[in-house]
Structures are given as structure tokens and as C-alpha cells.
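Thank you for sending this model, on which I have set down some comments below. Please read them with the sequence and the coordinates open beside you.

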Amino acid sequence: HRMGIRATENPDRWLQRVSSAELRKAGVADVEGEQERMFSERVSCILKTREMKDVRAALQKIFNTTHEYDLEERVETFAVSFSVLLDIEDYVDLHERAELL
């Protein structure tokens, strides 16, 4: 149930909660590890959505080239890379995009 709620949480609020500053403020010791876990959990929940257009729309709310991420370097590199892939119109299928990544 908790994962379902997190999957529908407002994307801007979620990105704020997963930010390096917020996690440090909360006393998280392994910020990068926690960010990886949170992104993994969120994406996993999104991918359980039945309609692919809904999946893509939900992913684009998190992975968007207009966002200014406050993430640890490796996590931010992944988020920005995935954002760019979602913007590429030549690849219709999400699986093709994932292979590029």
C-alpha cells in the first residue's frame, strides 16, 4: 500500500523529498543509496501501470529535461540521461529507449 501511495504522490513534492538537501536534513547517512532506492521504488510502481501512455506521462513528470535536480552525481546523471531519452521522438517504444540507456 505504501508503494502505491508513493507512486501517485505529486511529482514535484516527491522530487523535493528525494533531493540531497532534504535527505541530509532528515539525517540520512547514505544519500546516494537512498536516492537510488527511492527512484527504483517510484519507477517500479509507475511501470505497473497498464496503459503505456500513462506510464510515459508519469515517467516524464519525474524525468524531465526542464527539472533542476538536487541529486548525488551518479543519480543525477541517470535522471538527466533518462530525461533526454524520453524526449527523443524517434524511439516510440519505451523498451527501445531503455536499450539506449
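The points that follow move from the chain as a whole to its aromatic residues.

1. The model is a predicted one, and every remark here should be read in that light. The protein chain contains 7 helices and 0 strands, so that the pattern read along the sequence is α-α-α-α-α-α-α.

2. Of the 101 residues in the protein chain, 33% are buried. The accessible surface comes to about 6,600 Å², and carbon and sulfur atoms account for 51% of that area. Among contacts in the protein chain with a separation of 6 or more, 49% are made by residues that lie 24 or more positions apart.

3. Turning to the rings, the count of aromatic pairs comes to 5. One of these is formed by Phe39 and Phe63, whose ring centres are 5.7 Å apart and whose planes meet at 40°, an arrangement classed as tilted. Because Phe39 belongs to helix 4 (residues 31-47) while Phe63 sits in the loop between helix 5 (52-62) and helix 6, this pair ties together parts of the chain that are 24 residues apart in sequence. Both Phe39 and Phe63 are buried.

4. Phe63 also pairs with Phe78, here in an edge-to-face arrangement with 5.8 Å from centre to centre and 90° between the planes. This second pair again links distant parts of the chain, with Phe63 in the loop between helix 5 and helix 6 and Phe78 in helix 6, 15 residues apart.

5. Is each partner in this second pair buried, exposed or partly exposed? Phe63 has a relative accessible area of 1% and is therefore buried, the cut-off for that class being under 20%. Phe78, at 36% relative accessibility, counts as partly exposed, because this class covers values between the 20% limit for buried and the 50% limit for exposed.

6. Phe82 deserves a separate comment, and the model places this residue in helix 6 (residues 73-87). Its relative accessibility is 15%, so Phe82 counts as buried. The C-alpha atoms of Phe82 and Phe63 are separated by 6.3 Å, although the two residues are 19 residues apart along the chain.

7. Finally, which residues make up the aromatic cluster? Trp14, Phe39, Phe63, Phe78 and Phe82 together form one such cluster. Within this group, Phe63 is a partner of Phe39 in the tilted pair and of Phe78 in the edge-to-face pair, and a reader inspecting the model could take Phe63 as a starting point.

Terms used. Residues are numbered from 1 along each chain as its sequence is written. This is a predicted model: local features need pLDDT of at least 70, side-chain atom pairs count only at pLDDT 80 or more; totals for chains, interfaces and linings use all residues. Side-chain values use heavy atoms; hydrogens and water are left out. Helices (H or I, at least four residues) and strands (E, at least two) are DSSP runs, numbered from the N terminus. Buried means under 20% relative accessible area, exposed over 50%, partly exposed in between (1.4 Å probe, protein chains only). Contact means heavy atoms within 4.5 Å. Accessible areas come from the Shrake-Rupley method with a 1.4 Å probe; for residues, only the protein chains shown count as cover. Rings of Phe, Tyr and Trp (its six-membered ring) pair if their centres lie within 6.5 Å; planes under 30 degrees apart count as stacked, over 60 as edge-to-face and the rest as tilted.
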